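Trainee: I am new to this structure and would be grateful for a close look at one part of it. Please begin with the cysteines and then continue to whichever helix and loop details deserve attention.

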Amino acid sequence: MNGSNDEGGPGGTHPCARPQKILSGNQSVSERPCKRASSMTDTTKRVMYSALAGSNGVKKTASPMSNNKPNSAKKLIIKNFERPQLPERYAEEAWAQLRGAVVAIQQSQPISTSQEELYQAVENLCSHKMAPQLYDNLRSLCEQHVRSALGTFSKDSLDSSLFLKLMNACWQSHCQQMIMIRSIFLFLDRTYVLQNASVASIWDAGLELFRTHIASNPSVQSRTVDGLLELIERERGGDAVDRSLLKSLIRMLSDLQMYGEVFEGRFLEATERLYGEEGQRLLQEAEVPAYLQHVERRLNEEQERLLYYLDHSTKKALIGCVERQLLGQHLGPILQKGLDQLLDDNRDLGLMYSLFARVKDGLPMLCTHFNHYVKKRGRVIVSNPERDRSMVQELLDFKDQMDQVVNHCFHRNEKFVNSLKEAFEYFINQRPNKPAELIAKFVDSKLRAGNKEATEEELERLLDKIMVLFRFIHGKDVFEAFYKKDLAKRLLVGKSASVDAEKSMLCKLKQECGAAFTSKLEGMFRDMELSKELMLAFRQQQRRERLELTVSVLTMGYWPSYPPQEVALPAAMVRHQELFRRFYLAKHSGRKLQWQPSLGHCVLRASFPGAGGPKELQVSLFQALVLLCFNKTEGPIGLAELSEQTRLEDGELRRTLQSLACGKARVLQKEPRGREVQDGDQFVFNADFRNRLFRIKINQVQMRETPEEQSSTQERVFQDRQYQIDAAVVRIMKMRKSLTHNLLITELYDQLKFPVKPTDLKKRIESLIDRDYLERDKDNPNLYHYVA
């Protein structure tokens, strides 16, 4: 690097080259002078440091032991250099050059001196302990320039946009100037500044000067922040703004360490004010789905601002402010206004969940309102008797809908899953016993023959869904009673669609409720299998006859109880019954057979002259008895005469005649016409009956449940519950001997598996006291003692 000196000559040269040590294999040392030399004039010769006093350099010394070992390393001692003296006026002349370069940079003019010479001048000054003075001179020069720049911002005529652009241009120019100045004074920055912790680097000093004299000026600061907030507000309002300008100025505040102190607080206040007013207004004007989409859009916009021009440290406060003003303060109104509609339409629930997850108490409030919705909607389905026919299907559809919401929209959140279960269990038991009864009948309709709505796989999935509803029911004994009654009809009348489906349902019930719950149902299946084997053996002993009898032998304890009925059977059927009775008792002595005609069914061959040939009628035994009466006469038969010939109970006879004369297949004609069977009605065989099928099923009435059967089943469940309560009381008191009323009631609730009222428990306790199972304490009427 060359420098100029008016004095010239050797005294004006400044050696800069330092010897470079190169160690070869023979331990020799050579000194290679640097090609760079400095002189204060272009005409003087360049003198190298290596050519100065001979005492400088490297001196070789050999160790006394070095000759002992041929290959031993030699010890080198390197002495410090003696720094040469600078010319007398070197410092002033060097600073003049440096000052001119700095001023040229600040004024955006070309530098007359090469950067290499400037850098070497800085290095020479620092090497001769002139760094403090050089640093102070540079700082003063930069400060003077920054002060002069403040005047450009004093014009009040500048609008906000022009002021921000002027501020940005000043800042960008200052940064570029400091970068160039630092490149010249890099040696100063890397030596003197690093060695003195209290001295700011050249870049930091430039930032400090800009912050002190320009950015911290009250007028400049206020107009800058106001302009930035105005731009951001315009952008939030939908206007297009210069984002690069925003990014540059906000980054300037961050670099000057003024962002948090000057800008962030006012920015957050403006944000809170804007979104507070916006939330209040939009919640009243817009529907909830539109409002939620607006909140999501606002959050995305703020995230984009954070990525593009806001400082990352603002993220938590900014996003929290938006969430608080648009969501946190309106959770209740949002849920009350729109949650039910969103759940009904199954839309935007995932968006609501993700937004509510952002704010405190958002998900708990959403879960609570979701629970209330499920209970309210479920009570409408369960409590309305007019919807009993479709109740179970509606519950299944409702459960599928809510499961989809929880799994997909609420991300299978455990709290929402449990809340859904609790809500279903609550409302499905608001109407005692009826849902259990209807679920059992729904299963019967799906497992009955003729149900072609579903494949085996679909039926299996449907049974799994039904079991989910079954788990919610408290009175499972009601389900068991009706399910057993319907299962008995399916098995005995031969209306079961699939044995595999029946056993699959039985297996599910066993897994859910235990072997005791399904022991009687399994016994019913075993009876049917044993009856098939028994009939094979019976037919092998009997000769082939026109009348073919099939008997199902049922164990009384497994099957529902049926009231005994005495009917007038045809003589041929009575004879076959007697043959079977003898056959059975010969195999199983000591047993008693009781015939149940209400469960029988027959196939009759009938001839209809107007139908073009014979037909087969699949009828119940009671229907068969009525139809056989018309073989004896061709004229009409009255209700009283039919009752005398069949000896059927009056209600059963009317129901049977109604199915034959008023149903779809009218093999009898009733006079006068009508849906109800009256006392004076006359019935005649319909010779003109027509049907395209050869075998015609008329015994569907046998599968229908009569009101008497329903009330009988319910009464049987009630009686069974009373027996279970009595047994539980005696079991507890036998173990405890003495117990107060409240403790006894508590233990009963723990043991009983069906819902029961305290008044019902009290009645059973009183009944046991009357039957001398328990007695009251003489001094304390609330204390009971077990009577052995």
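**Cysteines, a helix and three loop residues**

Mentor: Cys602 has a relative accessibility of 15%, so this residue counts as buried, the cut-off being under 20% relative accessible area. Please bear in mind that the model is predicted. Cys662 is buried too, with a relative accessible area of 4%. As for bonds between cysteines, the structure holds 0 disulfides. A disulfide would be a covalent bond joining the sulfur atoms of two cysteines.

Burial is also the theme of helix α18, which covers residues 434-447. Of its 14 residues, 12 are buried, so the helix is largely enclosed by the rest of the structure. Among the buried residues of α18 are Lys434, Glu437, Asp444 and Lys446, together with Leu438, Ile439, Phe442 and Val443. Its length can be checked as well: at 1.5 Å a residue, α18 should span 20 Å, and its end C-alpha atoms are 20 Å apart, which agrees.

The loops offer some backbone details. Between β10 (668-671) and β11 (682-685) lies Pro672, which is joined to Glu671 by a cis peptide bond with omega of about -5 degrees. Lys129, in the loop between α2 (115-127) and α3 (131-149), has a positive phi near 60 degrees although this residue is not glycine. With 75% relative accessibility, Lys129 counts as exposed. Lys737 likewise has a positive phi, near 70 degrees, and lies in the loop between α27 (707-736) and β13 (738-740). The relative accessible area of Lys737 is 48%, so this residue is partly exposed.

Note on methods
Residues numbered from 1 in each chain as written. Predicted model: local features only at pLDDT ≥ 70, side-chain atom pairs only at ≥ 80, totals over all residues. Heavy atoms only, no water. Disulfide = S-S within 2.5 Å. Buried < 20%, exposed > 50% of the residue type's maximum accessible area, 1.4 Å probe, protein only. Helix = DSSP H or I, 4+ residues; strand = E, 2+ residues; numbered from the N terminus. Expected span 1.5 Å × (residues − 1).
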